Amino acid sequence: MLGSSHIVLSALAMTLIVGVRYLATSGLFAWLTEKVRPGLYGGMKPQIGREIRWSLYSTAIYGIPTGIVAWGWQNLGWTRIYTDWSALPLWYLPVSVFAYLFAHDTWFYWTHRWMHQPKWFRIAHAVHHESRPPTAWAAMSFHPIEALTGAFVIPLLVFIIPIHIAMLGLVLFIMTLMGVTNHMGWELFPRWLVHGGLGKGLITASHHQHHHARYTCNYGLYFRFWDRLCGTDKGLGEFPETGRHTMAKGSAIDPARSAHSGS
Ligand SMILES: [Zn+2]
Ligand SMILES: [Zn+2]
C-alpha cells in the first residue's frame, strides 16, 4: 500500500530540489555578475541576506505542491504528463512549451497587477520590491502570499495541458533562468535580441528592471503581450556598463502610492 509517508517524503525531496536549484542558479549568476560587472553588488550584503531568506521560505511553498503532484503522477497516474515521444505529434512539443509559458505569463501578469493595489502591495508584494535594485538572489524573494500565488500554476497546468516530461523540464529551465537573470542588474542577452524584433515580444532583464524602477508598468513575466494590450508597457530600462547601477528616477516615488495607479 502507498503510505502517507511517501507523499511527505516526495514533498520534502521536492523542496530540497527547488532549494538546491535556487542556490545553484542564483549562485552561478551572482558569481558571473562579479566577473562581468565587478562591484555591482558591493555593499548589498544585508539586502542579499534578506533575498536569500525570503527565497528559501519560498522553496517550501513551491516544493510541497510540486512534490505532491509528482507523487500522484508516479503512483496514481495523475496529470497529463507523458513520457512516450510518439504519444502526440512532434509539432505539439513546441506548442505545449508555448502554451505553458503563455498560461503562466497570463496568470503572473494579472496577479502581479492585483498585488500592486496599495492594500495588497503592502501585504504581499512589498517584500519583492524591497530589493532596490534586485540582485541575482532575488529570483524567489517573495512574501509567502505572493509565493502561494505562483506555486500552484505549473502543478495545476499539468492536469489540464498535456506535456512531455522533457518539455516540462524545458519550461522549468526557462522559468528558473528568466527568474534569476531578469533580476541580476545587467542584460545577459545580446543587444540585437533585446532591442530587435524578438525583444518587442519577449521580456528580459531590461524590461523587468524598468518595473522595479517605476513600479506601475511592465508587469509581465515572459511576454510583453498583456503589457502592450493593456497599455502598461513602458519600454526598456538601461543598465550602465560598469559599477553599481542606480535606480531610475521613478524609484524615488512611494511604492504603495504609486502602486495605486497601476492596479
Ligand atoms: Zn521582480
Ligand atoms: Zn511588482
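# Exercises on a predicted model

Val69 is buried, as 22 other C-beta atoms lie within 10 Å. Keep in mind that this is a predicted model. With that starting point, let's work through some exercises.

**Exercise 1. Find out where Val69 sits and which residues it touches.**

Step 1: Look up the element. Val69 belongs to helix H2, which covers residues 45-76.

Step 2: Check the burial. A residue counts as buried if 20 or more other C-beta atoms lie within 10 Å of its own. Val69 has 22 of them, so it is buried.

Step 3: List the contacts. Leaving out residues up to four places away in sequence, Val69 touches Trp78, Thr79, Pro155 and Val158.

Step 4: Compare sequence with space. Val69 and Leu156 are 87 residues apart along the chain, and their C-alpha atoms are separated by 8.8 Å.

**Exercise 2. Decide whether Arg214 is buried, partly exposed or exposed.**

Step 1: Locate the residue. Arg214 is part of helix H9, residues 205-214.

Step 2: Apply the cut-offs. Buried takes 20 or more other C-beta atoms within 10 Å, exposed takes 12 or fewer, and partly exposed is in between. Arg214 has 19, so it is partly exposed.

Step 3: Add a partner in space. From C-alpha to C-alpha, Arg214 and Gly237 are 9.7 Å apart, with their positions 23 residues apart in sequence.

**Exercise 3. Describe how helices H1 and H7 pack.**

Step 1: Take the geometry. H1 (residues 4-36) and H7 (residues 165-181) pack at an angle of about 45°, and their axes are 10 Å apart.

Step 2: Name the arrangement. Because of that angle, H1 is oblique to H7. The crossing of the two helices is right-handed.

Step 3: Find the residues that meet. Arg21, Thr25, Ser26 and Phe29 come from H1, while Thr176, Val180 and Thr181 come from H7. By class, this contact has two nonpolar, four polar and one charged residues.

**Exercise 4. Look at the spans that UniProt calls "transmembrane region".**

Step 1: Read the record. The unreviewed UniProt entry places this feature at residues 6-33, 54-71, 91-110 and 147-180.

Step 2: Examine two of these spans in the model. Residues 6-33 are 100% helix and 0% strand, with end C-alpha atoms 40 Å apart. Residues 91-110 are 95% helix and 0% strand, with end C-alpha atoms 29 Å apart.

**Exercise 5. Summarise the whole protein.**

Step 1: Count the elements. There are 11 helices and two strands.

Step 2: Turn to burial. Of the 263 residues, 37% count as buried.

Notes. Residues numbered from 1 in each chain as written. Chains lettered and ligands numbered in written order. Predicted model: local features only at pLDDT ≥ 70, side-chain atom pairs only at ≥ 80, totals over all residues. Helix = DSSP H or I, 4+ residues; strand = E, 2+ residues; numbered from the N terminus. Axes fitted to C-alpha atoms, helices over the stretch in contact; angles between N-to-C directions. Parallel < 35°, antiparallel > 145°, perpendicular 65-115°, else oblique. Left-handed = near helix turned anticlockwise from the far one by under 90°. Contact = placed C-beta atoms within 7 Å. Nonpolar A, V, L, I, M, F, W, Y, C, P; charged D, E, K, R; others polar. UniProt positions renumbered as here; feature names shortened; annotations may be inferred.
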